[in-house]
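Q: Please take a close look at the charged side chains in this structure. How do they pair up? Then follow the trail to the spaces around them.

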Amino acid sequence: MTTALQQQVFALDARFNAQRAPSSPNFRTLYIRRRSQLLRETLRSTDQWKAYLKLRSTLLLHHYGNARLELGSTSSLSQSISTVPPEWPSSIPWPNRDILVPTKQAEASRAIVGDNSIADNYAFSGVHHIFDQHVKAVTMVKFANNERYRLCCSSLDGNLSVCDLSSDPPKILRVLKGHTAAVPAFEWSANNDFIASVSLDATIRLWKSADFSCLRTLAEPHGAQILCCIFQPSNNNLILIGNSRGEIRIVNVSTGLFLKNCCKVGGCILTITSDTNGKIIWAGNDRGEILSIFCELNGGLCKGKRITLDPNCYITSLSYRTWISREARDPMLLVNATNNSMCLFSVGDYEGSLQLKRKFQNRHRKHVVKSTFCPIMSFRQGACVVTGSEDGSVYFVDVETSSSKAVVNTLQGHSSTVLSISFNSDESLLATSDLDGLIIIWKRGHK
């Protein structure tokens with residue numbers, strides 16, 4: 001309970017941070033970092049925290065007035081590549097939900113984690129650290145594969161940064177400079193030897209993680225903005241990219257050349273993901289479409305199934321999981337869209353066709369907001385995903401429960417749209433980034 005109240009105090013400070021020294025962003029960042037440190041070091045009883053929260057709320061309201069989150073004040077990636085979509089209806093229809101029957105395996109899993117609920121397992125003790133090395137929105141944060149402490153970030157300021165969270169305090173290892181325009185996405189190779197980054201400057205850069213040098217820079221053949229990328233899981237010598245011409249193209253890392261063949265999806269491709277072995281790729285665009293694509297080991301591409309979620313929205317995030325719990329063994333695709341929704345699809349067949357299983361409301365109409373599956377699934381009864389939101393909150397959602405009780409935890413600390421989210425390998429740390437360029441590292445604890 002004390003942890004939750006500490007977080008509410010920090011969220012209150014974050015809410016009013018935009019009004020604090022409006023002409024000095026560096027001071028605002030320094031202030032909120034210091035407040036986070038003081039809150040972690042202060043010991044109070046539950047009743048004392050409640051009284052403090054009430055008093056501080058009164059004082060801040062008296063000094064600043066009724067501050068509201070000014071979402072969308074900063075230019076976003078979505079605005080730079082397409083027009084802002086029209087207004088969406090306030091009510092979103094909900095699909096029929098299947099009733100899940102707990103299995104013996106699920107009961108055993110619950111016993112392994114001490115009969116804790118999902119909310120207990122995803123209770124965070126508060127802010128561990130705040131980074132502010134980027135001067136514009138941080139478009140993506142991602143921990144290295146199977147690692148706890150190495151984090152990479154990309155930004156609209158054209159730079160990437162690599163952070164080490166094992167030190168006290170955490171530190172920035174290197175800022176990677178070279179792109180001349182915004183960097184919307186990047187990807188770690190399977191063994192973390194390389195980082196591939198893509199940019200609106202129509203180039204892809206390959207960085208060596210050992211010394212952070214740029215191994216090569218490749219220009220998109222038609223000068224199109226590159227908006228997303230992934231390494232081919234079964235052949236890390238190939239990188240798949242999505243561009244503003246609506247094409248999926250493939251880069252050969254060894255030769256440094258784009259393969260001649262490409263797959264035309266249409267629109268601007270904002271996000272791509274693949275199944276575990278890389279045989280099926282899914283691409284999402286700014287027309288509300290998701291297309292499955294067959295990918296051969298030699299780089300051959302062939303169109304599969306196409307669905308339209310909403311023709312007036314963007315598909316901003318796709319995330320694949322082979323199975324999300326002992327009760328849900330089907331392969332799943334997690335989707336964020338700018339029609340105020342986060343959707344969970346089951347993968348129906350070998351062609352990558354999708355069937356809607358769940359649809360959750362989320363404040364999301366404009367920016368490239370991402371979500372992710374929680375990486376440790378096998379010892380949970382339920383299945384949890386985490387998403388950013390344009391209301392500045394981070395939501396933990398149990399996708400196997402009813403909509404009214406789906407949100408099992410909320411983190412409040414950002415004062416602008418939360419764009420990206422990443423867990424480390426053991427779920428002990430969570431990194432989130434926002435539209436103002438802040439990166440918050442959250443530490444998992446217990447209530």
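**A charged network and its surroundings**

A: Start with E247. It counts as buried because its relative accessible area is 5% (buried is under 20%, exposed over 50%, partly exposed in between, with a 1.4 Å probe and protein chains only). This is a predicted model, so local features need pLDDT of at least 70 and side-chain atom pairs count only at pLDDT 80 or more, while totals for chains, interfaces and linings use all residues. Residues are numbered from 1 along each chain as its sequence is written, and side-chain values use heavy atoms, leaving out hydrogens and water.

Which residues does E247 pair with? R245 forms a salt bridge with E247 (a Lys or Arg side-chain nitrogen within 4 Å of an Asp or Glu carboxyl oxygen). The closest N and O atoms of R245 and E247 are 3.2 Å apart. R249 also forms a salt bridge with E247, and here the closest N and O atoms are 3.7 Å apart. Shared partners join R245, E247 and R249 into one network.

How accessible are these partners? R249 is buried, and so is E247. R245 has 35% relative accessibility, so R245 counts as partly exposed.

Now look at another pair. R150 forms a salt bridge with E147. Their closest N and O atoms are 3.0 Å apart. E147 is partly exposed because its relative accessible area is 26%. In total, the count comes to seven salt bridges.

R205 tells another story. R205 is buried yet has no salt bridge. The nearest side chain of opposite charge belongs to D201, 5.5 Å away (Lys and Arg are positive, Asp and Glu negative; His and chain ends are not counted). R205 lies in strand β8, residues 203-208 (strands are DSSP E runs of at least two residues, numbered from the N terminus).

What else involves R205? R205 helps line the second largest cavity (a set of 1 Å grid points where a 1.4 Å probe fits but cannot get out; lining residues have an atom within 4 Å of a point). The lining consists of I204, R205, L206, R216, L218, I239, V251 and V253. Two elements, β8 and β9 (214-219), give two or more residues to this lining. The largest share, three residues, comes from β8. About 40 Å³ of space lies in this second largest cavity (the space filled by probe spheres on points joined across faces, edges and corners). The structure holds three cavities of 30 Å³ or more.

Next comes an open space. The largest pocket has a volume of about 1400 Å³ (a pocket is an open set with protein on both sides within 12 Å along at least five of seven lines). It is lined by 49 residues. K142, N145, E187, T273 and S319 lie nearest the centre of the largest pocket. The elements that give two or more residues to its lining are β2 (138-143), β6 (185-188), β10 (226-232), β15 (269-274), β19 (315-321), β23 (371-373) and β27 (418-423). Which strand gives the largest share? That is β19, with six residues.

Finish with one residue of strand β23, F373. F373 is buried because its relative accessible area is 2%. F373 and V386 are 13 residues apart in sequence. In space, the two are 6.4 Å apart, C-alpha to C-alpha.

Definitions and conventions:
Helix = DSSP H or I, 4+ residues; strand = E, 2+ residues; numbered from the N terminus.
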